[in-house]
Structure formats: C-alpha cells, structure tokens
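Hi,

Here's the structure I said I'd pass along. Have a look at it first, and my notes on the chain contacts follow underneath.

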Protein chains: 2
Amino acid sequence: MARSKSQATKKPQPVLQPRIRARIGSEIAIGPGKAELLELIRETGSIQESARRMRMSYMRAWKLLRTMNDCFHEPLVVAERGGKGGGGARLTATGHKVLTLYRRMEAQSLRATEKTWATFRTLLR
Amino acid sequence: MARSKSQATKKPQPVLQPRIRARIGSEIAIGPGKAELLELIRETGSIQESARRMRMSYMRAWKLLRTMNDCFHEPLVVAERGGKGGGGARLTATGHKVLTLYRRMEAQSLRATEKTWATFRTLLR
C-alpha cells in the first residue's frame, strides 16, 4: 500500500518506556522480555509459538521460563507434555498474578512520570 | 576484610529497577547507560575517565554522547579540546536539566510502584 508523503516523512514521536525489572542478585526474575513471553503463552498456549513470535529459539524461551519458575515460590508456567507440536503450556494462577502485577507497575510508573515527561519532551528535538 | 558468615551466605534481596527509556523511533535519547555516562561526566569532567569507569571504549562513549546530543535541541555535553589527556568535557545547562529530570522520573516511578511491588515481592522466593 502506498503511504502518503506526510506519513512517510513524519518524524516519529518521542515515547517514554518504563522498563521494569525485578532482580534477585544477578538473576532477573522478570523484565519486559519475560513479561512478553508470559503474555504470549497466556494467549497462544504454546511455548514454541510464543518463542517464534518473539524471534527466539525454543531453548532460549525455555531457559527464560526456567529462570522465572526458579525465582518464584510457585511456577508461573506449566508445560503440558505430549501431543503434536510438543504439547501446550499454560500460566498457573501465580503466573497470571505475576503478569497482572507487572503490567500494573508499568502503568503506575507511566502515570507517575507523566508530568515530568511532558517537561522532558520539550527538550527533545 | 573478612566477611562474617551471615553476610557471605545471606540471600540477596529482590529489588525493583525501573529502567526508564526515552525513545524517538529506533533511537534511544536516554536510558540507564546514557544517564550514568552523563552523571560520570558531571563528576569527572572527562569522557575518557567516564568511559573507563563504565568499562567501555572511548569511541563507544563518544557515540552515545553523539546520539544524545543529536536527540535534543541543545547539546548535553561539550568537549573542551586540547591540553593533556585530550581535554575535558562538561555538561551544558540542558545536560544538567536532562539528568535531573531523568533521575526524577526514576524516583517517581519507584515511589508509584511501591505498594504493588510489596505484593509482588511476596510471590518471589
């Protein structure tokens, strides 16, 4: 589809991204990538499909999940083995809770910085 | 200095890190690394020394500064050429302002997420 000239030449607008991390020593219990992975698993029910959408290997996704599962009292994701395509995966109650609280912290952070960001933006080109 | 056993074996406490980024399209105008670089230049007055403390090459530090300078209306850092050690560098008024506003957004973000983080923490090992 042809883009109008104004669209093609429009300068991208500055955005503020509060990227939240929960860290235990050198381990990252959750951050933007792991949260996205949880969200995709919730949506697709598949580690493989989630990995594909994030353009990472299955092994990499699996390692991220293992790190997460190790950082919390309860696992966040359980794999359901067997069947075609390596079986499914689903978020546990803790997994749902973690994702909800994580997204809430992002939203709180964005809201809290709104006014300062408005000032900051005036300094940007 | 000898560490007491309790200190050596103590489990690290979870911490929340709101890593704030200002982004324009694919360019990151400022994020945790660039903010640290600004802070070190403010402190040391030297790009070379700041790069050394961040364990990066002078060239890498210089590129980060160029990106930052290009993203804002006014440069954040000006290099003072000549003299031994390649001359100094200092933050401009805009540089100081950007760093202050950035740290303020970090603090606001941390404060806003405090309660949710307290709940989140209970789920962590």
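Across the interface of chain B and chain A, 20 residue pairs come out in polar contact, both partners at pLDDT 80 or more. Keep in mind that this is a predicted model. Salt bridges are another story: the rule finds zero of them across the interface of chain B and chain A.

As for what builds the chain B side, the elements giving two or more residues to it are β1 (14–24), β2 (27–30), α4 (58–71), α5 (93–112) and α6 (114–121) of chain B. The largest share, eleven residues, comes from β1(B). By type, the residues on the side of chain B that touches chain A split into 21 nonpolar, eleven polar and seven charged.

β1(B) also pairs across the interface: eleven bridges join it to strand β1 (residues 14–24) of chain A, and the two run antiparallel. If you want a spot to zoom in on, A:Gln17 stands opposite B:Arg21 in β1(B).

Now for the overall extent. In terms of contacts, 39 residues of chain B meet 39 residues of chain A. The area buried between chain B and chain A is about 3,800 Å², and carbon and sulfur atoms give 66% of that. Which residues of chain B lose the most area to chain A? They are B:Phe120, B:Leu123 and B:Arg125, which together make up 18% of what that side buries.

That's what I have so far. Shout if anything looks odd on your end.

Cheers

Conventions. Residues numbered from 1 in each chain as written. Chains lettered and ligands numbered in written order. Predicted model: local features only at pLDDT ≥ 70, side-chain atom pairs only at ≥ 80, totals over all residues. Heavy atoms only, no water. Contact = heavy atoms within 4.5 Å. Buried area = accessible area lost by both parts, 1.4 Å probe. Salt bridge = Lys/Arg side-chain N within 4 Å of Asp/Glu carboxyl O. Polar contact = N/O pair within 3.5 Å; in protein donor to acceptor, adjacent residues only side chain to side chain. Helix = DSSP H or I, 4+ residues; strand = E, 2+ residues; numbered from the N terminus. Nonpolar A, V, L, I, M, F, W, Y, C, P; charged D, E, K, R; others polar. Pairing = 2+ DSSP bridges.
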